[in-house]
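Colleague: Got a minute to go through this one with me? I'd like to talk about its packing and its surface.

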Amino acid sequence: SEMCIRDSFKQDRLKTEVILRNTYGKVGSDKFKPEYGVEIASNKLDTELDYVENNQVQILDAANVVVEEIRAEIFATFAYSASNDLSIDGGITAEFSTIEVSGDVSNKQSFKFLKPRLSVNYNISPELQWNLLAEHKVGQLNFNDFAASNEATDDRDTAGNPNLTPDQSTQLSTQLDWGFSEKGSLTVKAFYQWRQDILEYIIIPSDNGNISHGLGNAGDATFRGFETALNLPLENFIPHGLLAVSYQYKRSKHFDSVNNSNRIINNYTPKEFNIEFRQDLVEQKMAWGVEFISHFTDSIYLVDELITFEGNNRLEAFVESTYFDGLKIQLQVEHLNTGEYRRSRFMYEDDRSGAYLGSQISQRKRKPEIKLSVWGTF
C-alpha cells in the first residue's frame, strides 16, 4: 500500500514602511565639512499562515503575528581635506528603536546603539590610492523571521521568534587601488569583522513546552577575507580587448551551541573566481565577450540538518550592438557548457549532535539558456 500526504500551505503578508529624513550640512571650499541629520522610520508587518496536512490543521508557533517598529537615528558626519593627498571622513550615529510583536506571541523590546565610522584616504601617488576604514554596524532585522514559515519542498517548518535582536559587527578593512592606465586597474581589499548576536538557526523553546527550530541570536563570530579585482587592457594583442579577473576568499568562525563545536557561519560563499573577456568593435558598434565563473560550495547549518549546494565551472557568452541610435541590443547565453548543481541534505535525529539519519541528494542540470535584452531611451 502507498501513503499519500496532502499538504496545504498559505501565507499572507502585508508590509508597510514610512521614512522621514532631514539633513543639514555645510558646503563650500572649506577643508572641514560637517553634516547633521535625523531619520525617523515606521515599519510594520502583518502576517498570517495556514498549514494543513492530511486535512488536519497544524499548529505552528508564531504563525499569525504583527511586528511594528519605530526607529529614530540622529547622526553627525564630516569630511576633512587635510591636504591634496590626505582626506578623512567619518561620523557617529545614535540609533533608538522599539520593536513590538503581537498576535500568537507577544514581546516588546527597546534598543540603543552607537554606530561610529572613520575612513582615511591617502594618495600615495597619482595612480595609487590607499584607504583604511573602521566602523561599527547594526543589522536591520527581517520582520519575516518573527513569524513562522514552511518550506514545502523540504517538508520543514520554521518557528517564528519574537525575541530577535539586531546583529552587530565591528570591521577593520584596508584597500589599495592602482590605476596603471586609462582602462587598467588593480584593487586589493582585506577585512576582518568581529560579529555579535549573529543570526543563525537555533533551538527555540516555546510557551506551550514544544521545542521548535528557527532563526535566533546565536552569539559571536569572526569573519575575515580578501577581495581582488584586475582590469587588464589587451591592446597590444587584441584591439579594444579587456580582461577582467576577480577573486574573493572568505573565512569565518563561530561556536555552535547545537553540537558544541566550531563551524563557519551561514550566508556567504567561501571562494569565488571569475574571468571575463570583452572586445569592443568600435567601427561596427558591436561588442562581444565570454565569462568563466568558477565552481562553488555553499553551506547552510540548520538545527537538525546540514545543507550544501555546489555548482560546477560555468561559461557565459554575449554579443551586443548599439548600431541603432538610442538602442542597445544584447544576446546572452548562460550555462554555455551546461550548469551542473548538486544539493545535499544531511539529516540528524533531534539536532546535529544526534544520530545521523541519512542524506538526500539531488542533481540538477541547466542547459544553455538564451536571453535577448533590449534597452532604449526615448
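Colleague: Which residues does Leu141 touch, not counting those up to four places away in sequence?

Modeller: Bear in mind that this is a predicted model. Leu141 is among the residues with the most contacts inside the largest nonpolar core. Leaving out residues up to four places away in sequence, its partners are Ile99, Phe146, Leu164, Thr165, Pro166 and Leu199.

Colleague: And which strands each supply at least two residues of that largest core?

Modeller: The core has 14 residues, and Val65, Val67, Ile99 and Val101 are among those with the most contacts inside it. There is also a second, separate core of nine residues, including Phe191 and Ile265. For the largest core, the strands that each give at least two residues are β4, β5 and β6.

Colleague: Is Ser373 buried or exposed?

Modeller: Ser373 lies in strand β25, which covers residues 369–376. Beyond its neighbours within four places in sequence, Ser373 is in contact with Lys328, Ile329 and Gln330. Its relative accessible area is 17%, and the cut-off is under 20%, so Ser373 counts as buried.

Colleague: Which elements give two or more residues to the nonpolar patch on the surface?

Modeller: The patch includes Met286, Trp288, Ile370, Leu372 and Val374, and its members together have about 710 Å² of accessible area. The elements giving it two or more residues are β18 and β25.

Colleague: What about Met286, how exposed is that one?

Modeller: Met286 sits in strand β18 and belongs to the nonpolar patch. Met286 is partly exposed, because its relative accessible area is 34%.

How values were computed. Residues are numbered from 1 along each chain as its sequence is written. This is a predicted model: local features need pLDDT of at least 70, side-chain atom pairs count only at pLDDT 80 or more; totals for chains, interfaces and linings use all residues. Side-chain values use heavy atoms; hydrogens and water are left out. Helices (H or I, at least four residues) and strands (E, at least two) are DSSP runs, numbered from the N terminus. Buried means under 20% relative accessible area, exposed over 50%, partly exposed in between (1.4 Å probe, protein chains only). Contact means heavy atoms within 4.5 Å. Patches are made of residues with over 30% relative accessible area and no salt bridge: like charges are joined within 9 Å, nonpolar side chains (Val, Leu, Ile, Met, Phe, Trp, Tyr) within 5 Å. Accessible areas come from the Shrake-Rupley method with a 1.4 Å probe; for residues, only the protein chains shown count as cover. A salt bridge is a side-chain nitrogen of Lys or Arg within 4 Å of a carboxyl oxygen of Asp or Glu. A nonpolar core is a set of buried Ala, Val, Leu, Ile, Met, Phe, Trp, Tyr and Cys residues joined through side-chain atoms within 4.5 Å.
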